[in-house]
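Here are some exercises to work through with the model open in your viewer. Try each task yourself before you read its solution.

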Number of protein chains: 2
Amino acid sequence: MTTARAHANIALVKYWGKRDEKLFLPTNGSLSMTLDGLYTTTTVELAERDELVLNGETQGPEALGKVTRLLDLVRAMAGSKAGARVTSINQVPTAAGLASSASAFAALAGAASKAYGLALDDVALSRLARQGSGSASRSIFGGFVEWRRGERADGLDSHGVPVVPQSHWDVRMLVTVLETAPKSVSSRVGMRRTMDTSPYYPGWIASAAADLVEAREAVLARDLAGLGAVMESSALKMHASMLAARPPFTYLQPASLAVIQAVWAWRAEGLAGFVTMDAGPNVKVLCAATDAEELAARLGALPGVEEVLVCGPGPGLSYEVS
Amino acid sequence: MTTARAHANIALVKYWGKRDEKLFLPTNGSLSMTLDGLYTTTTVELAERDELVLNGETQGPEALGKVTRLLDLVRAMAGSKAGARVTSINQVPTAAGLASSASAFAALAGAASKAYGLALDDVALSRLARQGSGSASRSIFGGFVEWRRGERADGLDSHGVPVVPQSHWDVRMLVTVLETAPKSVSSRVGMRRTMDTSPYYPGWIASAAADLVEAREAVLARDLAGLGAVMESSALKMHASMLAARPPFTYLQPASLAVIQAVWAWRAEGLAGFVTMDAGPNVKVLCAATDAEELAARLGALPGVEEVLVCGPGPGLSYEVS
């Protein structure tokens, strides 16, 4: 019986599109910040057959199937045929509508590999987690993390790499939770449609490589304005690539746009926040630790904003002794 | 003393970017619908010096300068050095925030060329109007109009061409006027920034050529769903190209997005409207004449919508006998 914990992460340079859907190999590298406060704790114990209990509720075949797929990879490495009981708790407010798949598959990779007697290093865990959810490859590490695109067809060189540790830079990510309906296009379907039909997709791939270099340098230099500029550009290019798909689609909601424009207006007045958005309506705002309180208060007062979560840089994968 | 009238037009395949800023030569061809009900009436009489009276108010050097620039082209053709008093009335509700430059420069080209004794045909008038405002090249003609990109450096082959006359197809364009602040980035500056910094601009140019063919065929076949699909794609690609600029910018307002999403939701229920947007927050909705009343009522009831103007296909340039 092994318990592992992994934290959520927010991409500053976005991942949008797979060059290999089976192995979860991305078309471009990405860079993220691991978040403290938002994490998944997962316990794996060997059992007769696979079972998944999430936040106290036994899950049906769809969710279980994804877990079994990752367990199969672990079993193949371990030469085992045993089933596993997976018990997982998401410390991410349900209302947040945040993709918990990154922290979930990172924690599962850690707990399952140990439960089956494997001793994988972080790079191997990152490769494994990647095959549950691409962005999970980054949640193995703390601080700021790059997920290398890699070149190999087998994916061995496509994994997370720590850029700087959690203690390097005391910034905050404000997660603005909006009151909205569930999304109608899954990220998987959205990526596929963008790659297949958007005339902007080649421009996305081409510019992402430069964005990655720019973001990495800004993180190393603790240059908030520099990181903010490339972070906003990457996020808006990702969303723009979808608007150019046929048929067009968007995760932007009126309230998302209102938050973005408010942040831009406050920045013009000297309060420096920088926006990013993933495949959902919530807007995340990067800022200096010293501006977090003021910005969180202003964001919370905007119409349509349900909640604002304040997160600093978080730690990498850890294990609990039971 | 000559009076001419030209109507506004809405591009279905958008014009976004100039390959020659002085001659107003576009990077791609565009296709529009001329609108009845929204027009500019302009009178030109020769005078001591140039003067511009717009909606009863004498205009300052900025607006007058643009008019003088067009008058200079006319004077060069006519071999005249006379000044001109230009009196113009915009029959476009001020609140509409619609670009009146298309109808304004088309009417000015017509009235001024006649006042200076020239007898230009429609193609020559379209070339002339283009040099006041690109989209004015389309407002010389009625119905559905294509502005050909052209290949020549002197712009002689870059002008409007009628695709079908006003009577060909009884559709409606609903202009949804939103309560918003004035725009912060002019189209001229926006085009320039997009061309200079957006990695999506090559994809814009490349896909516009195919959009034009698709839109022209849909107009000829009176295929509303076909025209609607390519029209939405063209508009959203134009706006997406700006989101990908550095720094990013957008004319989309939260209320614009709310209108777009409402139109999409109604369409999913069977009420067929298709959206387009120009370099401003207002959303225009194309629909069958039989659906105009219902759609206009629904649009008018959305929060943030100030007014809905219902327009059919309009006529080309005409002259008034005084």
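## Exercise 1: A helix pair across the two chains

H7(A) and H7(B) are roughly antiparallel to each other. This is a predicted model, and the worked steps below start from that helix pair.

**Task.** At what angle do the axes of H7(A) and H7(B) cross, and which residues meet?

**Solution.**

Step 1. Begin with the axes: those of H7(A) and H7(B) cross at roughly 165 degrees and come within 8 Å.

Step 2. Apply the cut-off: an angle over 145 degrees counts as roughly antiparallel, and therefore H7(A) and H7(B) get that label.

Step 3. Look at the handedness next; H7(A) and H7(B) make a right-handed crossing.

Step 4. List the partners. H7(A) brings Pro254(A), Leu257(A), Ala258(A) and Gln261(A), and these meet Pro254(B), Leu257(B), Ala258(B) and Gln261(B) of H7(B).

Step 5. Sort the residues of this contact between H7(A) and H7(B) by class: six are nonpolar, two are polar and none is charged.

## Exercise 2: One glutamine at the contact

**Task.** Which residues does Gln261(B) touch, leaving aside those up to four places away in sequence?

**Solution.**

Step 1. Place the residue: Gln261(B) belongs to helix H7 of chain B, which spans residues 254-268.

Step 2. Find its neighbours. Leaving out residues up to four places away in sequence, Gln261(B) touches Thr250(A), Leu252(A), Gln253(A) and Pro254(A).

Step 3. For a reference distance, take Leu220(B): it is 41 residues from Gln261(B) in sequence, and the C-alpha atoms of the two are 28 Å apart in space.

## Exercise 3: The interface and its symmetry

**Task.** How much area is buried between chain A and chain B, and what turn lays chain A on chain B?

**Solution.**

Step 1. Count the residues: chain A gives 27 residues to the contact and chain B gives 27 residues.

Step 2. Take the area. About 2300 Å² is buried between chain A and chain B, with 67% of it from carbon and sulfur atoms.

Step 3. See who contributes in chain A: Tyr200(A), Leu243(A) and Arg246(A) lose the most area to chain B, and together they make up 29% of what that side buries.

Step 4. Now superpose. A turn of 180 degrees, with a shift of 0.0 Å along the axis, lays chain A on chain B with an RMSD of 0.0 Å. That is the relation of a two-fold axis.

Step 5. Check the surfaces: both copies use the same one, as 100% of the contact residues of chain A recur in chain B.

## Exercise 4: Two helix pairs within a chain

**Task.** Parallel or antiparallel: how do H5(B) and H6(B) run? Then find the angle at which H1 and H2 of chain A pack.

**Solution.**

Step 1. In chain B, helix H5 (residues 201-220) and helix H6 (residues 224-243) have axes 9 Å apart and pack at an angle of about 155 degrees. H5(B) and H6(B) are therefore roughly antiparallel to each other.

Step 2. The crossing of H5(B) past H6(B) is left-handed.

Step 3. Among the residues that meet are Trp204(B), Asp211(B) and Ala215(B) in H5(B), and Leu227(B), Val230(B) and Lys237(B) in H6(B). By class, the contact of H5(B) with H6(B) has seven nonpolar, three polar and three charged residues.

Step 4. In chain A, helix H1 (residues 61-78) packs with helix H2 (residues 101-115) at an angle of about 40 degrees, their axes 10 Å apart. That makes H1(A) oblique to H2(A).

Step 5. H1(A) and H2(A) have a right-handed crossing. The residues in contact include Leu70(A) and Val74(A) of H1(A), with Phe105(A) and Leu108(A) of H2(A). The contact of H1(A) with H2(A) divides into eight nonpolar, one polar and one charged.

## Exercise 5: Backbone oddities

**Task.** Where is the cis peptide bond in chain A, and what is the phi of Phe24(A)?

**Solution.**

Step 1. The bond joining Arg246(A) and Pro247(A) is cis, with omega about -10 degrees. Pro247(A) sits in the loop between helix H6 (224-243) and helix H7 (254-268) of chain A.

Step 2. Chain B has a cis bond from Arg246(B) to Pro247(B), with omega near -10 degrees. Pro247(B) is in the loop between H6 and H7 of chain B.

Step 3. Phe24(A) is not a glycine, yet its phi is positive, about 55 degrees. Phe24(A) lies in the loop between strand S2 (18-20) and strand S3 (25-26) of chain A.

Conventions. Residues are numbered from 1 along each chain as its sequence is written. Chains are lettered from A and ligands numbered from 1 in the order in which they are written. This is a predicted model: local features need pLDDT of at least 70, side-chain atom pairs count only at pLDDT 80 or more; totals for chains, interfaces and linings use all residues. Side-chain values use heavy atoms; hydrogens and water are left out. Copies are superposed by least squares on the C-alpha atoms of residues with pLDDT of at least 70 in both. Contact means heavy atoms within 4.5 Å. Axes are lines fitted to C-alpha atoms, for helices over the stretch in contact, and angles run from 0 to 180 degrees between N-to-C directions. Helices (H or I, at least four residues) and strands (E, at least two) are DSSP runs, numbered from the N terminus. Angles under 35 degrees count as roughly parallel, over 145 as roughly antiparallel, 65 to 115 as roughly perpendicular and the rest as oblique. A crossing is left-handed if the near helix is turned anticlockwise from the far one by less than a right angle, and right-handed if clockwise. Ala, Val, Leu, Ile, Met, Phe, Trp, Tyr, Cys and Pro count as nonpolar, Asp, Glu, Lys and Arg as charged, and the others, Gly among them, as polar. Buried area is the accessible area (1.4 Å probe) that two parts lose on being put together, summed over both.
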